[in-house]
Structures are given as C-alpha cells and as structure tokens.
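Reader: I'm new to reading structures, so could you walk me through this one slowly?

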Protein chains: 2
Amino acid sequence: MTFIDQLKGGSIPDPVAAAARAEGVDPSHLAELVKEGRAIVCLNKVRKGCKPLAIGEGLRTKVNANIGTSRDRNDPAEEIVKLKAALDAGADTMMDLSTGGDLAEIRRAIMAQCPVPIGTVPIYQAIADTTGPAGKDMFELDAETIFKVIEQQAREGVDFMTVHCGITQNGVEMLESQRRVLGVVSRGGSFTVAWMRKHGQENPLYAQYDRLIEICREYEVVLSLGDGFRPGAGADATDRGQIHELMTLGDLTLRAREAGVQVMVEGPGHVPMDQIEANMLLQKRLCHNAPFYVLGPLVTDVAPGYDHITSAIGGAMAARAGADILCYVTPAEHLGLPDAKDVREGVIASRIAAHAADVANGVPGAAEWDLKMSRARAALDWEGQIALSMDPVRARELRSRAMPENEDVCTMCGEFCAVKVYNEGCSHEVKSPGYPPIDVVRGEK
Amino acid sequence: MTFIDQLKGGSIPDPVAAAARAEGVDPSHLAELVKEGRAIVCLNKVRKGCKPLAIGEGLRTKVNANIGTSRDRNDPAEEIVKLKAALDAGADTMMDLSTGGDLAEIRRAIMAQCPVPIGTVPIYQAIADTTGPAGKDMFELDAETIFKVIEQQAREGVDFMTVHCGITQNGVEMLESQRRVLGVVSRGGSFTVAWMRKHGQENPLYAQYDRLIEICREYEVVLSLGDGFRPGAGADATDRGQIHELMTLGDLTLRAREAGVQVMVEGPGHVPMDQIEANMLLQKRLCHNAPFYVLGPLVTDVAPGYDHITSAIGGAMAARAGADILCYVTPAEHLGLPDAKDVREGVIASRIAAHAADVANGVPGAAEWDLKMSRARAALDWEGQIALSMDPVRARELRSRAMPENEDVCTMCGEFCAVKVYNEGCSHEVKSPGYPPIDVVRGEK
C-alpha cells in the first residue's frame with residue numbers, strides 16, 4: 001500500500017502526518033493534497049534517518065542542492081564536505097548526481113549522512129555500469145541495465161528519482177525540426193536522444209513506464225519526471241520541443257497517480273522573465289497540478305560566475321507563480337563543478353528566492369519572519385538581527401569586519417544612523433521584540 | 001537655456017544627441033522623450049571629462065553605485081579604489097555619499113576620476129559644514145547653508161542631486177499616525193523629519209523649492225527627487241507615508257519640468273514581490289512618467305549579507321515593470337560600509353537584474369547578447385563564452401580553477417557533456433558565431 005493507496009482508503013500514513021506537522025499545516029489538509037497529487041510526501045519506505053518532507057501547493061517553497069563527482073573531479077570525501085555545506089545552509093533535499101568513481105559507494109556514503117530526502121538520476125549509474133566493469137561504449141547500455149539500477153537504488157532507500165520518461169520519438173522530431181540554438185543541455189536528455197538515434201528505438205523509460213511505476217510503488221519512490229528538453233538558452237525557451245515533452249509528462253503524471261505513485265515534474269531552465277509566469281501556468285495545467293520542480297529559471301544567459309543570482313531572480317518569480325521546489329544553481333554553473341563554497345552560496349541564493357516568494361504568496365510564517373527582523377532593526381538590536389538572519393554566520397562576519405565606534409549603529413552611517421535619528425524624536429517608544437531561537441525562525445529542518 | 005528649453009525651441013543640444021547615439025536610438029526620439037520628461041540626459045553644464053547619459057522610457061536600464069566615507073571609515077584613497085571597482089564592473093552612474101572627512105575634497109577627487117555622471121546628497125555636506133568648522137549641533141543647520149552647498153556642488157559640476165523635497169508637515173503626520181514598524185530609514189529623510197520636529201518649521205527644500213529649481217536651471221543639474229519615506233521593512237511598503245510623499249514628488253516634478261529642469265524620482269526600498277509592479281505603476285502615474293530610480297527593491301528583510309541578491313530579484317522585477325535606473329545594493333547593506341569587493345559584487349548583481357529586464361522588455365541589443373552567448377555555448381567555444389560574459393575576469397577564474405582533461409568541455413560533466421553528446425549526432429552542424437570585441441557587447445560606456 002503506497003501513501004496514495006492508504007489515503008484513498010481513508011487513513012493518513014504516519015509520514016504524511018509528520019510532514020504536515022513539520023510544515024505547520026493540518027494533516028488532513030496535506031492528506032487531501034497528496035491524494036489529489038497536488039503535493040507529495042517524500043520518504044522511501046526503507047529509508048533510515050530521514051524526516052519525511054512535503055512539497056507542493058501552498059506549502060513552503062523548498063530548495064534542492066545537487067552534489068556529486070564527475071570524471072574530472074572525483075573525490076568522495078569532497079562530496080561529503082559539500083553535503084554538509086548544503087545542509088548547513090538549509091537545503092531541503094539533496095541530489096547525488098555523481099558520474100565519476102564508484103557511484104554506488106559514493107551514494108551510500110552520502111545517504112548515510114543525509115537527514116533530508118535524497119534524489120538521483122539513475123541513468124548515470126546505468127551508463128557507468130555499462131562503460132565501467134564491462135568496458136563497453138556508453139551507447140551499448142540496454143533497458144535491463146537501467147531497470148536493474150533503478151531497482152537497486154530504490155531498494156537502498158533513494159527517495160526520489162529523475163527519469164527522462166517524456167522523451168519520445170515524436171518529441172525528438174518536434175525538437176529537431178525547429179533547430180534550437182542550444183540543442184539539448186540535460187545530461188540525461190542528451191544521452192537519451194543520442195541513444196534513440198543510434199538504436200532507432202523508443203526511449204525505454206517511456207516504452208516500459210509501467211515497469212518503473214511498479215518499482216516506485218514497492219518502495220514509495222517519488223517519480224521526478226525529468227525535462228530532458230529544458231531550454232539551455234533563453235532563445236529556446238517555451239518552444240515546441242519543451243512543451244511537447246511537458247504534455248507527455250502530463251500523461252505520465254496521470255498514469256503514475258492512478259497507480260498510486262507520487263509524482264513531481266521538472267521544469268526549465270533558461271527562461272526570460274516575460275515567459276516565467278506562462279511556464280508555471282502551462283506546467284500546472286498540462287501536468288494536472290503536480291508539484292513543479294524547477295532548475296533556475298535563469299533569466300539571462302550572459303552571467304556565468306553569477307548564475308546563482310540569475311537563478312534567484314527566476315526562481316523567485318517561478319515560486320511566486322506556482323513552482324514548489326527550486327533546484328539551486330551555483331556560481332560555478334556553466335564553468336565547472338562547484339566546490340563547497342559555491343554550494344553554500346547556491347543554497348542561500350535559492351532560499352532567498354523561495355522565501356521572497358513565500359512572503360508574497362502569504363505562506364504562513366514567512367512574513368512573520370520578516371516582521372521580526374524589521375522590529376529588531378527598529379530597535380537597533382544587533383544580536384537579534386544576526387540571529388534572525390538567513391545566514392547568521394555571514395551576517396556576523398560582515399558586521400564584525402569593521403565595528404563602529406558606537407556599537408548601537410553600523411559603519412555605514414555611524415552617528416548619522418537614520419533609525420537612531422528618527423527614533424530619538426519619535427512619539428512612541430521603539431522596543432526590540434526579542435527573538436526566538438534560531439531553529440524556530442528558520443523552520444523545522 | 002536648459003536642455004528642455006532648447007528642445008522646446010526645436011533644437012537638439014549636443015549632449016542629447018550624443019547620449020542618443022551611445023544608447024543606439026535616434027536623437028530625435030530621445031529629444032522627444034526628454035522634452036516630455038519621460039527621459040533625462042544627465043550632464044552638468046560645467047562638468048569635464050564625462051559622457052552624457054540618457055535614462056528613461058524604453059532605454060537600457062542603468063545601474064548606479066554609491067560610494068563614500070562615513071565618520072567611522074574615512075579614508076579617501078579607499079573611496080577611489082571603490083570608484084574604480086564600480087566603474088570596472090560597469091556602473092553607469094556614481095553617487096558620492098560621503099559623510100566623514102573633508103567632504104568637498106573627497107568629492108573633487110572622485111569627480112576628477114569619474115567619466116560617468118556623478119550624484120550627491122547635498123544635505124550631508126550641509127550638516128558637515130554646520131557641525132564641523134562651526135562646531136554646532138547638526139540640527140542648527142539652516143536653509144542658507146543648504147542652498148549654499150547646493151550652489152557650490154552645482155558650480156563644481158555635480159550632475160544630479162538627491163533632495164528630499166517631498167517631505168512636508170502633512171506627510172510627516174501621515175507617516176507617524178500609521179505607526180510604521182521601521183520609521184524612516186533614509187538618512188536625509190530621517191534628518192529632515194527630526195529637523196522639522198525640532199524647529200516646528202516646514203522642510204526648507206519644499207518651502208523654497210523654486211530656489212532649488214533656479215540653481216538646477218543654471219547648471220543643468222538633474223533633480224533626483226528623494227524618497228525620504230521609502231519603506232525600510234516589507235511590512236511598511238506601499239503605506240500612506242510613502243504614497244503621500246510620492247504624490248508630492250509628482251507635483252514637484254511638474255513644477256521643475258515647467259521650469260525647464262530635468263527630474264527623476266527615487267523609489268523604494270523594501271517591497272514584497274507582490275507589490276513591486278503596483279509601485280512602478282503608481283510612480284509612473286503619480287509622477288507623470290518621470291524616470292524612476294529605485295533602491296532595490298529588497299524582496300525580503302531577512303538576508304543581510306546577501307542583499308545584493310534580494311535587490312537583484314526586486315530590481316529585475318522593477319525594471320521589467322518600468323524602473324529606469326537601479327541603485328545597487330551591496331552584500332554589506334544593513335551591516336556596514338561596503339569595501340571594494342562588495343562594490344564589485346553589488347554592481348554586477350544590479351547589472352544582471354537590469355539586463356534580465358531589458359531582455360524581457362525587448363530593449364534593442366539585449367536579447368542579441370544572450371543569443372551570442374548561447375551560440376558560443378552550442379559551439380563549446382570557451383573563449384567566446386568568457387569574452388561574452390558580464391564579468392569575464394570572474395568567468396575565467398572559475399573556469400580555470402579546475403580545467404577538465406579534455407578542454408572541449410568543463411569539469412561539471414566532462415566527457416558526459418550534454419552539448420557535446422547531442423551535437424555529435426546532430427543533423428546540422430553547430431558553428432561558433434565568433435564573438436565581437438567585448439566593448440561592443442557590453443554597450444558603450
């Protein structure tokens with residue numbers, strides 16, 4: 001019995017109730033959302049040491065951080081450092097996207113130290129299993145290997161999996177006939193298209209979708225339906241390749257949901273600001289209100305080195321318009337594999353985007369956090385401001401870098417502090433609200 | 001004869017024509033905008049070594065960077081380092097907001113090395129002139145001192161001045177009766193309110209506005225009508241204190257315009273995402289389409305240390321909805337005076353916001369830049385990508401930090417590069433577009 005099966009039967013599974021409490025919503029409300037597929041609760045049935053997490057309509061916008069080795073940079077210990085950096089910065093979920101080294105070993109090491117849901121892209125390991133011990137070309141990969149890997153990862157507790165099931169022969173035709181500027185930029189998507197070209201066959205993850213559903217049913221794995229044709233250039237956004245795949249994902253969403261399997265749908269990518277709201281609407285309509293998991297969107301192509309910022313702009317707008325979880329983008333995007341510092345910057349930038357949208361959308365607790373900070377500012381309560389900061393370590397570091405002569409104020413204005421000058425003649429007294437312990441403010445993690 | 005006078009008389013002043021050429025628009029088009037007050041051309045009549053700059057409707061969104069000493073951190077040489085950092089990062093205008101040391105000397109040193117329009121907040125020097133040599137309390141400042149300073153700065157070539165003319169007795173009443181969370185956070189605004197309280201008098205910059213107009217006429221100084229009541233907390237955004245001042249600024253805009261003086265209007269501040277578009281509309285309506293110069297807006301209050309990001313989100317949305325120039329915010333905002341590194345980060349974040357909006361708004365050249373970058377990515381042309389980056393130094397640094405074994409790709413995916421895998425089986429050849437010299441791409445500066 002999956003969560004959806006139990007909910008349809010009228011009972012609320014414990015992980016759903018626990019996820020609701022962590023979210024501060026009524027369990028019966030979340031139960032209704034999950035039953036209808038408007039939210040998911042992420043927790044593999046056999047996963048240990050992980051709290052269930054709810055993602056979806058009206059809930060706090062979540063942030064995912066990707067880590068993982070590549071063939072050029074393959075040090076498992078470094079990935080654990082990145083894991084800790086991401087968790088410390090407040091990531092809600094983690095994906096292990098390793099493509100170099102012993103992938104199963106690296107994944108196990110990461111999962112053992114990860115108290116939040118973990119996701120993978122199983123085709124990476126399927127490719128590694130084909131090219132590694134067997135020494136074959138990556139395109140010799142077969143469907144059996146893919147499903148063997150998916151089953152193995154599910155059995156080991158992976159909570160959600162990105163699978164590019166929406167790439168079809170028809171979709172490839174749609175995509176190629178329009179001559180994109182920047183083809184396919186999803187690793188899984190690009191490989192799948194190349195494999196289909198070479199073999200002249202349909203995508204196995206589409207052709208044998210029911211087999212995938214069966215595995216997910218057994219382990220309560222959330223299907224994260226990947227967007228292999230997400231635009232990698234603003235010029236390619238919202239084109240027929242992308243929208244055709246999204247329609248296929250809508251069909252697959254219904255099929256999984258009817259089989260009692262939870263689904264979220266992945267989305268773009270590089271999208272100019274004027275197209276973000278339309279993209280959110282399209283996904284919610286075409287995919288039957290499934291939670292939307294977006295990468296970026298990056299609102300311009302020209303800022304490598306700062307794509308955590310281009311993504312924060314797009315991510316905030318996306319979350320405001322309906323996206324439910326933002327995949328972080330680090331400053332290293334488009335240039336190389338991120339290091340731990342990049343990971344931290346990426347998570348914080350995405351959390352800012354998610355929280356800004358939550359404030360605007362009236363998600364319970366979001367505006368209250370801002371209000372507490374503003375009251376601490378009004379009272380020139382510096383310890384309060386630091387404790388209430390999204391990144392208290394960074395805030396303290398910048399504050400301490402140059403302390404003012406008078407510790408009431410800061411070095412920006414010194415005695416000319418606007419707040420101080422205004423308060424002194426103010427008709428009502430300004431008092432610090434005090435501040436709650438930091439864990440309460442940042443939400444249960 | 002001011003620019004507006006000449007335009008009304010049917011001739012286009014040279015600086016207006018030059019600004020139009022730099023912008024890539026027809027001089028007669030810009031002439032019409034300036035005549036109607038929908039755009040300004042910034043260049044003090046006596047200013048040397050500075051190119052005129054157009055700001056306004058349909059033009060490229062500009063970025064301003066603030067530098068300047070405070071009493072706690074007062075090293076003129078450091079401000080020159082910050083000036084160079086801001087210019088190098090691509091700031092379109094600079095403001096010297098010094099409040100510590102010999103303000104006139106610091107301003108002259110900055111202006112001598114600044115090829116872009118320079119702005120000031122004259123009341124800072126008026127306060128310093130009162131408290132410094134005369135040794136008086138800052139509230140002993142009188143109207144004569146203010147106008148003497150304004151005249152002096154105009155005569156020395158300051159191109160635009162922030163003056164908090166819209167603060168009135170009525171406005172203060174509006175503001176105070178609603179009990180804001182975070183009172184007044186503008187330094188000039190806070191001082192003006194406190195001065196008015198102590199003296200029981202009207203704001204001299206409002207009461208003697210015609211005197212101000214006369215000085216601006218003589219030197220072609222652009223009036224930047226300050227928003228003394230800009231919200232410093234999301235909870236205070238779009239309140240009656242703010243909107244009352246904006247209405248007053250609308251009245252003052254018309255009065256200046258009729259007298260042939262160019263005006264831009266300053267705006268918030270801390271504004272939740274759901275209120276940004278309305279704020280832009282209100283300003284354009286209430287201030288008769290005057291160019292809008294916004295600080296931020298910061299879309300959340302809780303991210304000190306990262307307010308260049310909270311501002312990039314709000315700034316992009318503001319520029320998309322009509323803002324014409326973004327005042328940068330640095331990572332040090334709310335915590336202390338920025339250093340040169342903060343200045344660079346702040347300018348780049350604002351430029352990203354401005355450019356993202358320009359792409360969405362169809363500003364000529366903006367989407368073309370993105371398209372060139374995407375073509376360089378499709379061709380795996382790494383030198384092209386770096387040259388086309390908003391910050392080529394940073395892009396090269398991150399790329400070089402860890403070079404892949406195969407220099408075609410990057411360390412993110414290595415041989416598993418999506419673009420490479422896709423291109424190899426692609427039916428059409430992907431060619432690099434080559435790339436123009438960087439100055440052409442980044443716009444004339």
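Author: Let us begin with a term: a disulfide is a pair of cysteine sulfur atoms within 2.5 Å. Please keep in mind as we go that this is a predicted model.

Reader: Okay, how many disulfides does the structure hold over all chains?

Author: Counting over all chains, there are zero disulfides.

Reader: Why is there no bond for the sulfur of Cys42(B)?

Author: The closest cysteine sulfur belongs to Cys50(B) and lies 7.5 Å away, which is too far for a bond because a disulfide needs the two sulfurs within 2.5 Å. Cys42(B) itself counts as buried, with a relative accessibility of 1%.

Reader: And what about Cys410(B), is that one buried or exposed?

Author: Cys410(B) is buried, at 10% relative accessible area, and its sulfur is 5.9 Å from the closest cysteine sulfur, that of Cys413(B), again too far for a bond.

Reader: Switching topic, how is chain A laid on chain B?

Author: A turn of 180 degrees with a shift of 0.0 Å along the axis lays chain A on chain B, and the RMSD is then 0.0 Å. The two copies are therefore related as by a two-fold rotation axis.

Reader: Which residue of chain A comes closest to that rotation axis?

Author: In chain A it is Ile313(A), whose C-alpha comes to 2.2 Å from the axis. The same surface serves both copies, since 100% of the contact residues of chain A recur in chain B.

Reader: Last one, which residues have the most contacts inside the largest nonpolar core?

Author: They are Met94(A), Met94(B) and Leu223(B), in a core of 234 residues. Leaving aside residues up to four places away in sequence, Leu223(B) touches residues including Met161(B), Tyr209(B) and Val263(B).

Key: Residues numbered from 1 in each chain as written. Chains lettered and ligands numbered in written order. Predicted model: local features only at pLDDT ≥ 70, side-chain atom pairs only at ≥ 80, totals over all residues. Heavy atoms only, no water. Least-squares fit on C-alpha atoms with pLDDT ≥ 70 in both. Contact = heavy atoms within 4.5 Å. Core = buried A, V, L, I, M, F, W, Y, C linked by side-chain atoms within 4.5 Å. Buried < 20%, exposed > 50% of the residue type's maximum accessible area, 1.4 Å probe, protein only.
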